[in-house]
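Here's a quick briefing to read with the structure open beside you. Take it topic by topic, and find each piece on screen as you go.

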Amino acid sequence: MKVTFPHLGSMYIFCKAIAETAGIEYVLPRPTSNRTREIGEYSTNESVCLPLKIILGNFVEALEDGADTIIMVGSGPPCRLGLYDRIIKIVLKDMGHDFRWLTIPGIFNWQAFMQNHEETKELRKELSFANFAKFPFAILMGWKKMNWCEHLEKTAARIRAMAIRPNEVDHMLEHTLEAIDKAGTMSSLSKAGKEGLEAFESVEKNKRPPLKVMMVGEVYTIMEPSINMDVEKRLGHLGVIVERSSYFSTHIRKGSRLDRKLLKKRKQFLDNAGRYLKYDVGAECNFSVAETIQAADEGYDGVVHVYPFSCMPENNAASVLSIAGPDLNIPILPVVIDRQDMGLRIDTQLEAFVDVLRWRKQGQIL
Ligand code: SF4
């Protein structure tokens with residue numbers, strides 16, 4: 001058995017750690033490229049969401065590289081994401097690929113457990129006792145690595161905005177994530193993480209106070225830098241700290257329903273969004289609105305709203321935000337991702353937005 005999984009930011013480090021520690025063979029999906037995107041585009045129709053096309057492309061490339069078992073994260077209605085696993089499976093079969101499929105449920109309930117039990121029936125026969133025995137530690141290792149990755153990414157986003165040479169921070173982050181990925185024991189993992197944090201703190205900083213924006217929007221687009229044209233990094237280079245609530249661990253904690261504090265916070269978010277939305281539109285729509293309200297309340301300088309061109313919930317959120325922005329007196333930049341996106345276009349948009357934020361901060365415009 002050779003498993004593969006989708007590409008989503010640094011999530012591959014988590015998946016790889018579990019597979020390696022449990023002794024399961026895997027194929028790392030290739031970094032998302034134009035070819036990946038084109039495979040997805042040519043094999044689906046134009047109304048299909050961009051994330052589905054990219055994930056499909058990732059899987060095709062991984063199957064070409066020898067994978068035979070696909071592990072996909074599932075979800076539920078009302079958004080189209082709830083159908084991703086079924087659609088991708090059908091498209092891949094139509095394309096003539098031979099593979100086994102395993103859905104990791106988006107919400108861990110009894111029904112999901114039964115489906116998972118059924119899907120893993122054949123796969124379990126290929127695993128040895130040693131694989132099973134190592135599995136709890138493998139999950140722990142993956143979880144720890146993911147937490148380190150996210151902590152380092154958040155720290156890098158803060159330091160990058162203040163650094164005299166932001167490129168240095170990018171290299172440090174890359175280098176530290178590599179070390180986290182390679183760490184084979186808990187102690188080497190924590191050593192790699194701490195060294196990364198120390199390196200960030202040693203960076204030479206400028207005196208200009210950084211701006212702070214909240215990044216809201218569609219989960220996949222927010223978390224995968226190759227899709228969002230590295231908005232977080234680009235803003236960091238312009239002196240802006242980017243904060244976001246969507247991390248892979250957030251969604252695992254949400255799905256497991258064990259983190260009561262997080263669930264309470266999400267419920268509170270939905271209540272807050274009620275000021276503009278009287279029902280749950282689906283996916284992250286209401287959260288994009290709620291996080292914008294939160295950003296305004298907490299004195300953020302602006303909000304960047306990132307979403308794919310044909311994303312139904314986030315197009316709804318965009319309409320609401322066009323009213324909420326002036327109402328809450330907070331600038332909102334919609335970054336709509338589609339096929340034609342070029343780095344230059346994004347740079348122009350971001351630079352103009354950051355100018356506006358600085359002028360507002362200096363009191364030159366209201
Ligand atoms: S949130 Fe948007 S992009 Fe994601 S599945 Fe739903 S419609 Fe598609």
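Which strands does helix α4 lie across, and at about what angle does it run to β3? Helix α4, residues 84–94, lies across β2 and β3, and runs at about 170 degrees to β3. Keep in mind that this is a predicted model. The chain's average pLDDT is 89, and 96% of the residues score at least 70.

**How confident is the prediction?**

- Among the elements of the chain, β4 comes out with the highest mean pLDDT, at 97.
- At the other end sits helix α5 (residues 110–119), which has the lowest mean pLDDT of the chain's elements, at 72.
- As a rule of thumb, where pLDDT is low, you shouldn't read the predicted coordinates in detail.

**The three-stranded sheet**

- One open sheet is made of three strands in the order β1-β2-β3, and the pairing is parallel.
- Its edge strands are β1 (3–4) and β3 (100–104), each of which pairs on one side only.
- β1 pairs with β2 (residues 69–73) in the parallel sense over two bridges, and here Val3 has Thr69 in β2 as its bridge partner.
- On to the next pair: β2 and β3 run parallel and are joined by five bridges, with Leu102 in β3 as the bridge partner of Ile71.
- Helix α3 (residues 50–64) lies across β1, β2 and β3, and it runs at about 160 degrees to β2.

**The four-stranded sheet**

- A second group to look for is an open sheet of four strands, ordered β5-β4-β6-β7 with parallel pairing.
- Here the edge strands are β5 (240–244) and β7 (332–337), and each pairs on one side only.
- Going from one strand to the next, the twist averages 25 degrees.
- Helix α14 packs on this sheet and touches β4, β6 and β7, with its direction at about 165 degrees to that of β4.
- β4 and β6 (residues 302–308) pair in the parallel sense over five bridges, and Met215 stands opposite Val304 in β6.
- Here's a handy general point: side chains in a regular strand alternate between the two faces of the sheet.

**The cavity**

- How many cavities of 30 Å³ or more does the count come to? The count comes to one.
- The largest cavity has a volume of about 70 Å³.
- Its lining includes Met215, Val216 and Gly217, along with residues such as Ser245, His251, Arg266 and Phe287.
- Three elements, β4 (211–217), α12 (248–256) and α14 (285–297), each give at least two residues to that lining.
- The largest share of the lining comes from β4, with three residues.
- Sorted by class, the lining of the largest cavity has four nonpolar, five polar and three charged residues.

**The second largest pocket**

- The second largest pocket has a volume of about 880 Å³.
- There are 33 residues lining this pocket, and the closest to its centre are Gly9, Ser10, Glu153, Leu177 and Pro225.
- Which helices should you look at? α1 (11–22), α7 (129–160), α8 (166–182), α10 (219–223) and α11 (231–237) each supply at least two residues of the lining.
- By class, the lining of the second largest pocket splits into 16 nonpolar, six polar and eleven charged residues.

**Zooming in on Gly9**

- Where does Gly9 lie? Gly9 lies in the loop between β1 and α1.
- Leaving out residues up to four places away in sequence, Gly9 touches Met223, Glu224 and Pro225.
- Gly9 and Pro225 also turn up together in the list of residues closest to the centre of the second largest pocket.
- Gly9 and Phe113 are 104 residues apart along the chain, and 27 Å separates their C-alpha atoms.

How values were computed. Residues are numbered from 1 along each chain as its sequence is written. This is a predicted model: local features need pLDDT of at least 70, side-chain atom pairs count only at pLDDT 80 or more; totals for chains, interfaces and linings use all residues. Side-chain values use heavy atoms; hydrogens and water are left out. On a 1 Å grid over the protein atoms alone, a cavity is a set of points where a 1.4 Å probe fits but cannot get out, and a pocket is an open set with protein on both sides within 12 Å along at least five of seven lines; lining residues have an atom within 4 Å of a point. Grid points are joined across faces, edges and corners, and a volume is the space filled by probe spheres set on the points. Ala, Val, Leu, Ile, Met, Phe, Trp, Tyr, Cys and Pro count as nonpolar, Asp, Glu, Lys and Arg as charged, and the others, Gly among them, as polar. Two strands pair if DSSP finds at least two bridges between them. Axes are lines fitted to C-alpha atoms, for helices over the stretch in contact, and angles run from 0 to 180 degrees between N-to-C directions. Contact means heavy atoms within 4.5 Å. pLDDT is the predictor's confidence in each residue, from 0 to 100.
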